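Q: I am new to this structure and should be grateful for a close look at a single part of the fold. Please begin with the place where two helices meet, and then follow the packing and the backbone from there.

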Amino acid sequence: MWAARRLRSGQVLAWGVGLGVLAVLLAVGLSGRGATKVRLAPALPSRALAGSSVTLATLLGAPQQAGGAPAGSSAKVGPHGSHAAIVLFWASWCTPCQHEAPAVERFAQSAAGRGQIVGVDYGESETGGPRAFLRRYRWSFPNLTDPDARAGEAYGVVGLPSTFVLDARGDIRTMLRGPQTEQSLARALSAVEG
């Protein structure tokens with residue numbers, strides 16, 4: 001009888017510990033979904049894959065200096081930005097990226113997204129596949145190439161697609177993991193702007 005009670009109390013303790021660990025894992029996992037510590041966005045890659053090359057300052061709507069150079073064209077934007085923006089890391093081989101591609105273009109064409117998004121091809125050294133991807137999905141917004149994945153690593157990309165929403169100062173306010181919809185992109189951008 002005593003052995004049976006001891007076994008039950010041991011089982012209860014094991015279940016309690018197991019449930020506690022599960023609760024902590026869920027809390028950590030859910031808190032990381034869509035949330036990011038506010039930090040200054042690293043510089044974007046400088047080489048354009050399609051469209052013109054874009055700096056953080058120009059993406060955020062910084063005014064142009066005399067001579068056409070964007071004010072604050074380095075990673076630090078300061079108070080020059082006039083709107084929030086989205087940096088989307090993707091790859092041509094990435095199936096979830098292919099699934100979200102039409103929604104991303106619709107967002108880029110919408111009033112909410114026009115001029116506020118840049119794509120970054122993550123870790124592909126060949127440009128044939130990425131260019132075919134851009135043609136297939138008719139992406140009209142600027143896309144840069146990050147063949148050595150340095151920019152992606154600096155941003156903290158751990159899976160594709162990864163979307164970073166920046167405020168007008170150039171701080172990363174939100175990271176969205178996985179495929180997004182036109183509506184989720186608009187909501188994320190609006191939350192940072194508002």
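A: In this predicted model, helix α3 meets helix α6 through A103, V104, R106 and F107 on the α3 side and E182, L185, A186 and L189 on the α6 side. The residues of this contact divide into 6 nonpolar and 2 charged, with no polar residue among them. Helix α3 spans residues 95–109 and helix α6 spans residues 182–193; their axes come within 8 Å and cross at roughly 50 degrees. That angle makes α3 oblique to α6, since an angle counts as roughly parallel under 35 degrees and as roughly perpendicular from 65 to 115.

Helix α3 also contains Q98. With a relative accessible area of 25%, Q98 is partly exposed, because the buried class ends at 20% and the exposed class begins over 50%. Apart from its neighbours within four places in sequence, Q98 is in contact with S92, W93, F133 and Y137. One of these partners, Y137, stands 39 residues from Q98 in sequence, yet the two C-alpha atoms are 8.3 Å apart in space.

Two of the residues touched by Q98, namely F133 and Y137, belong to an aromatic cluster that also takes in W90, W139 and F141. The structure holds 9 aromatic pairs. Among them is the pair of F89 and F164, which is edge-to-face, with 5.8 Å from centre to centre and 85 degrees between the planes. This pair links distant parts of the chain: F89 lies in strand β3 and F164 in strand β6 (residues 162–166), 75 residues apart. Both F89 and F164 are buried.

These two phenylalanines lead to the nonpolar interior. The largest nonpolar core has 46 residues, and F89 and F164 are among those with the most contacts inside it, together with L44, V87, W139 and Y155. Strand β3, which covers residues 85–90, supplies the largest share of this core, 6 residues. Residues up to four places away in sequence set aside, F164 touches A85, I86, V87 and F89, and its further contacts are Y155, G156, V157, I172, T174 and M175.

The backbone deserves attention as well. Most residues other than glycine have a negative phi, and most peptide bonds are trans. Against that background, three places in this model may be noted.

The first topic is the peptide bond that joins L160 and P161, which is cis, with omega about -10 degrees. P161 is located in the loop between α5 (150–155) and β6, and β6 is the strand that carries F164.

The next is R138, whose phi is near 55 degrees, a positive value in a residue other than glycine. R138 sits in the loop between α4 (128–137) and β5 (143–146). It is exposed, with a relative accessible area of 68%.

Finally, A149 is not a glycine, yet its phi is positive, at about 65 degrees. A149 is placed in the loop between β5 and α5. Its relative accessibility is 9%, so A149 counts as buried, whereas R138 counts as exposed.

How values were computed:
Residues are numbered from 1 along each chain as its sequence is written. This is a predicted model: local features need pLDDT of at least 70, side-chain atom pairs count only at pLDDT 80 or more; totals for chains, interfaces and linings use all residues. Side-chain values use heavy atoms; hydrogens and water are left out. Axes are lines fitted to C-alpha atoms, for helices over the stretch in contact, and angles run from 0 to 180 degrees between N-to-C directions. Helices (H or I, at least four residues) and strands (E, at least two) are DSSP runs, numbered from the N terminus. Angles under 35 degrees count as roughly parallel, over 145 as roughly antiparallel, 65 to 115 as roughly perpendicular and the rest as oblique. Contact means heavy atoms within 4.5 Å. Ala, Val, Leu, Ile, Met, Phe, Trp, Tyr, Cys and Pro count as nonpolar, Asp, Glu, Lys and Arg as charged, and the others, Gly among them, as polar. A nonpolar core is a set of buried Ala, Val, Leu, Ile, Met, Phe, Trp, Tyr and Cys residues joined through side-chain atoms within 4.5 Å. Buried means under 20% relative accessible area, exposed over 50%, partly exposed in between (1.4 Å probe, protein chains only). Rings of Phe, Tyr and Trp (its six-membered ring) pair if their centres lie within 6.5 Å; planes under 30 degrees apart count as stacked, over 60 as edge-to-face and the rest as tilted.
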